Amino acid sequence: MTDRTPGLDAVSRRTYLQATGAAALGAAGLAGCVGKATGTLATRVTDQPADIGDFESLVVTVEGIWLGPEGAESGADGDETDGENATDDGESTEGEDADGNETDGGDEEDEPAGREYHEFDESQEADLVQLQDGETQLIDERELEVNTYQFLQLDVSNVDGTLEGGDEADVDLPGNAPLTFNEEFEVRENTLTSFTADFAPVRRGNGSYILRPVPRGIEVSYEESVDGEDDGGNDTDSDGNETGD
């Protein structure tokens with residue numbers, strides 16, 4: 001007997017088309033959500049001794065970071081962390097006279113090209129007196145697209161120093177430029193990159209102080225996330241080699 005139930009084939013066909021249409025839209029939406037590979041960058045700060053012993057507190061306020069992909073300009077007066085103009089303690093002397101006073105350093109340049117600026121949701125304060133002997137402070141953690149960077153800079157808006165004894169200290173940044181850390185690092189897929197920026201106050205001949213990046217104190221480490229962890233989820237060094245605990 002022939003089944004003559006009216007509209008059954010039409011209903012089945014319509015249901016099928018709706019289902020396949022929804023599946024196609026879902027696949028298109030999923031494809032649209034798939035972006036470039038990303039990883040996480042954690043920025044930490046620490047302090048090498050230098051003249052920090054003069055201070056009761058030295059609070060640095062950081063508003064954000066600049067990152068320098070390949071070809072970007074740092075805008076710094078010389079490379080503070082490349083060692084070419086550094087003292088034995090790793091502090092650059094370029095841009096200062098014999099008494100430690102800052103010089104003009106030539107005409108002001110235009111805004112450096114190619115940098116990426118990432119502003120923090122909230123200003124971060126770090127007391128360098130508390131960040132000695134290997135102590136570090138996390139000031140930012142964010143997800144970024146996979147890339148290789150030539151430098152990291154701290155956007156410092158304020159430095160508030162109090163000397164032992166209670167006197168206020170005069171602390172400047174080098175050439176009023178961002179603290180620049182010329183250490184190449186990567187943001188890797190499904191990996192936590194930890195960049196530790198090491199800087200310290202240095203006493204100048206006029207009695208004031210200047211913050212200097214410490215090249216030998218910069219540390220970069222990599223730790224694969226759960227989604228892409230290595231055998232055992234071990235840390236790796238800046239060359240991607242596994243490190244110990």
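Me: Which strand gives the most to the lining of the second largest pocket?
Reply: That is β10, with 3 residues. A pocket here is an open set of points on a 1 Å grid over the protein atoms alone, where a 1.4 Å probe fits and protein lies on both sides within 12 Å along at least five of seven lines; lining residues have an atom within 4 Å of a point.

Me: Before more, what kind of model is this?
Reply: It is a predicted model, where local features need pLDDT of at least 70, side-chain atom pairs need 80 or more, and totals for chains, interfaces and linings use all residues. Residues count from 1 along each chain as its sequence is written, and side-chain values use heavy atoms, without hydrogens or water.

Me: OK, back to that pocket. How many residues line it?
Reply: The second largest pocket has 14 lining residues. Nearest its centre are T46, G134, T136, T196 and E219. The elements that give two or more residues to this lining are β1 (38-46), β10 and β12 (219-224).

Me: How many helices and strands are in the chain?
Reply: The chain has 1 helix and 13 strands. Both are DSSP runs, numbered from the N terminus: helices are H or I with at least four residues, strands are E with at least two. From the N terminus, the helix comes before the strands.

Me: New topic. How many aromatic pairs turn up in the whole structure?
Reply: The search finds 5. Rings of Phe, Tyr and Trp (its six-membered ring) pair if their centres lie within 6.5 Å; planes under 30 degrees apart are stacked, over 60 edge-to-face, the rest tilted.

Me: Why does the pair W66 and Y117 count as tilted?
Reply: Their planes are at 45°, so the pair is tilted, and the ring centres are 4.9 Å apart. The two residues sit 51 apart in the chain, with W66 in strand β2 (residues 55-69) and Y117 in strand β3 (residues 116-127).

Me: Is W66 buried or exposed?
Reply: W66 is buried, at 14% relative accessible area. Y117 is partly exposed, at 34%. Buried means under 20%, exposed over 50%, partly exposed in between (1.4 Å probe, protein chains only).

Me: What about F181 and F199, how far apart are the ring centres?
Reply: They are 6.3 Å apart, and the planes are at 55°, so this pair is tilted. F181 is in strand β8 (residues 179-181) and F199 in strand β10 (residues 191-203), 18 residues apart. F181 is buried at 0% relative accessibility. F199 is buried at 1%.

Me: Which residues do ring pairs link into a cluster?
Reply: Y149, F185 and F195.

Me: Now the core. Which residues have the most contacts inside the largest one?
Reply: L154 and L211, in a nonpolar core of 37 residues. Such a core is a set of buried Ala, Val, Leu, Ile, Met, Phe, Trp, Tyr and Cys residues joined through side-chain atoms within 4.5 Å.

Me: What does L154 touch, leaving out residues up to four places away?
Reply: Its contacts (heavy atoms within 4.5 Å) include W66, F181 and F199. V45, V62 and I139 are also among them.

Me: And how much of the chain is buried?
Reply: Buried residues make up 38% of the 245 residues. For contacts with a separation of 6 or more, 80% join residues 24 or more positions apart.
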